[in-house]
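Please look over the model shown here, beginning with the way its helices are arranged and moving on to its charged pairs and its individual side chains.

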Amino acid sequence: MDYTGLNLNEIQLMELNEYLFYMREAYIYSLNQTEKGREYLNNCWRITQTKPDRQSLREKFGKERKS
C-alpha cells in the first residue's frame, strides 16, 4: 500500500500477476534505500549473468596476446 498508494480494497481487486509485480518492485525499491541492500541487488544481478563481461575482465587482468 505504501509503494503504490492504493488502498486495501484496490489491492484486493488486482490480478495476481499485477499484485506480484508490485510486490517485486516494492521489494527492490526498499532494498535500494540502503547501501547493504544495493550490494545485495548487485550480487543478485551478477549471479544471474550467463555470459562473461569480457571488457571488465580485460581491464582487470589485461588482454592476453596471441603468439
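In this predicted model, helix α2, which covers residues 16–31, packs with helix α3, which covers residues 35–48, at an angle of about 125 degrees, and the axes of the two helices lie 7 Å apart. Angles from 65 to 115 degrees count as roughly perpendicular and those over 145 as roughly antiparallel, and α2 and α3 are therefore oblique to each other. The contact brings Y27, I28 and L31 of α2 together with G37, R38, Y40 and L41 of α3. Sorted by character, the residues of this contact comprise five that are nonpolar, one that is polar and one that is charged.

R38, one of the α3 residues that meet α2, also takes part in a salt bridge with E35, in which the closest N and O atoms are 3.2 Å apart. In general, side chains of opposite charge can pair when their charged atoms come close. R38 and E35 are three residues apart in helix α3, so about one helical turn separates them. The two partners can also be described by their accessibility: R38 has a relative accessible area of 33% and is partly exposed, whereas E35, at 54%, counts as exposed. How many salt bridges does a search of the whole structure find? The search finds two, and among them is a pairing of the side chains of E25 and R24, with an N to O distance of 2.8 Å.

With the packing of α2 and α3 in view, the overall layout of the chain can be considered. The chain contains four helices and zero strands, and read along the sequence it follows the pattern α-α-α-α. Its radius of gyration is 20 Å, which is well over the 11 Å that the globule rule gives for 67 residues, so the chain is more spread out than a compact globule. Along the principal axes, the C-alpha trace spans about 70 × 25 × 15 Å. Burial can be set beside these dimensions: of the 67 residues of the chain, 6% count as buried.

Helix α4, made up of residues 54–61, gives a local view of burial, for it is hardly covered, and the count of buried residues among its eight residues is zero. After α4 comes G62, whose phi is positive, near 85 degrees.

Toward the other end of the numbering, L6 lies in the segment before α1, the helix that covers residues 8–12. Is L6 buried, partly exposed or exposed? Its relative accessibility is 26%, and since buried means under 20%, L6 counts as partly exposed. When its neighbours within four places in sequence are left aside, L6 is in contact with M1, I11 and M14. The C-alpha atoms of L6 and W45, which are 39 residues apart along the chain, are separated by 29 Å.

L8, for its part, is found in helix α1 itself, and with a relative accessible area of 49% L8 is partly exposed. Exposed means over 50%, so the value of 49% given for L8 places this residue in the partly exposed class. The C-alpha atoms of L8 and N43 are separated by 33 Å, the two residues being 35 places apart along the chain.

Definitions and conventions:
Residues are numbered from 1 along each chain as its sequence is written. This is a predicted model: local features need pLDDT of at least 70, side-chain atom pairs count only at pLDDT 80 or more; totals for chains, interfaces and linings use all residues. Side-chain values use heavy atoms; hydrogens and water are left out. Axes are lines fitted to C-alpha atoms, for helices over the stretch in contact, and angles run from 0 to 180 degrees between N-to-C directions. Angles under 35 degrees count as roughly parallel, over 145 as roughly antiparallel, 65 to 115 as roughly perpendicular and the rest as oblique. Contact means heavy atoms within 4.5 Å. Ala, Val, Leu, Ile, Met, Phe, Trp, Tyr, Cys and Pro count as nonpolar, Asp, Glu, Lys and Arg as charged, and the others, Gly among them, as polar. Buried means under 20% relative accessible area, exposed over 50%, partly exposed in between (1.4 Å probe, protein chains only). A salt bridge is a side-chain nitrogen of Lys or Arg within 4 Å of a carboxyl oxygen of Asp or Glu. The radius of gyration is taken over C-alpha atoms; the globule rule is 2.2 Å times the number of residues to the power 0.38.
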